Amino acid sequence: MVIHVMPNPYFRLSASPNPTSDVLQVTIDNETQQVKALNKDENINIELIDFNTATKRKSWSFKNVQNTFNLSVANLPKGQYIIRVTKGNFKQTKQIIVN
């Protein structure tokens, strides 16, 4: 399975520090009106996917009331990963490195 990392016009996704070995801070900003209009009860789902095997390694779920998330990656093997954020029907991905 190939995972394509593509830009998304609905929101911007940033992740820092990148590379990381402990805590990754994921931020969603520059949302369009469509994304801002989502109900606060909607979940924001974040998945961490191994870049080489396309295997989901971790996942988190948050209510749609914040835009910054601190995610522990401390116990993951070193390597390349994809962060996939789903907010309503809108998705965005970002490549990260765990070292």
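Helices and strands here are DSSP runs, numbered from the N terminus: a helix (H or I) has at least four residues and a strand (E) at least two. With that in hand, let's take a tour of this predicted model.

**Stop 1: Tyr10**

Select Tyr10, which you will find in the segment before β1. Is this residue buried, exposed or partly exposed? Since buried means under 20% relative accessible area and exposed means over 50%, Tyr10 counts as partly exposed because its relative accessibility is 30%. Now show its neighbours. Leaving aside residues up to four places away in sequence, Tyr10 touches Asn30, Glu31, Thr32, Gln34, Val35 and Phe90. Add Lys36 to your selection too: Tyr10 and Lys36 are 26 residues apart in sequence, yet their C-alpha atoms are 9.5 Å apart in space.

**Stop 2: the open sheet**

Next, switch to a cartoon view and look for an open sheet of 3 strands, in the order β1-β2-β5, with antiparallel pairing. Its edge strands are β1, residues 12-16, and β5, residues 68-72, and each of them pairs on one side only. From one strand to the next, the twist averages 20 degrees.

Zoom in on β2, residues 23-29. How many bridges join β2 and β5? There are 5, and the two strands run in the antiparallel sense. For a landmark, select Val26 and look across to Phe69 in β5, which stands opposite.

**Stop 3: two cis peptide bonds**

Move to the loop between β1 and β2, where you can select both Pro17 and Pro19. Most peptide bonds are trans, and here are two that are cis. One joins Ser16 and Pro17, with omega at about -10 degrees. The other runs from Asn18 to Pro19, with omega near 15 degrees.

**Stop 4: two positive phi values**

Most residues other than glycine have a negative phi. Which way does Asn30 go, positive or negative? Its phi is positive, near 50 degrees. You met Asn30 earlier as one of the residues that Tyr10 touches. Asn30 lies in the loop between β2 and α1, the helix at 33-36, and it counts as exposed because its relative accessibility is 54%.

Finish at Ala54, in the loop between β3 (43-50) and β4 (56-63). Ala54 also has a positive phi, near 60 degrees. Is Ala54 buried or exposed? With a relative accessible area of 19%, Ala54 is buried, because the cut-off for buried is under 20%.

Methods. Residues numbered from 1 in each chain as written. Predicted model: local features only at pLDDT ≥ 70, side-chain atom pairs only at ≥ 80, totals over all residues. Heavy atoms only, no water. Pairing = 2+ DSSP bridges. Axes fitted to C-alpha atoms, helices over the stretch in contact; angles between N-to-C directions. Buried < 20%, exposed > 50% of the residue type's maximum accessible area, 1.4 Å probe, protein only. Contact = heavy atoms within 4.5 Å.
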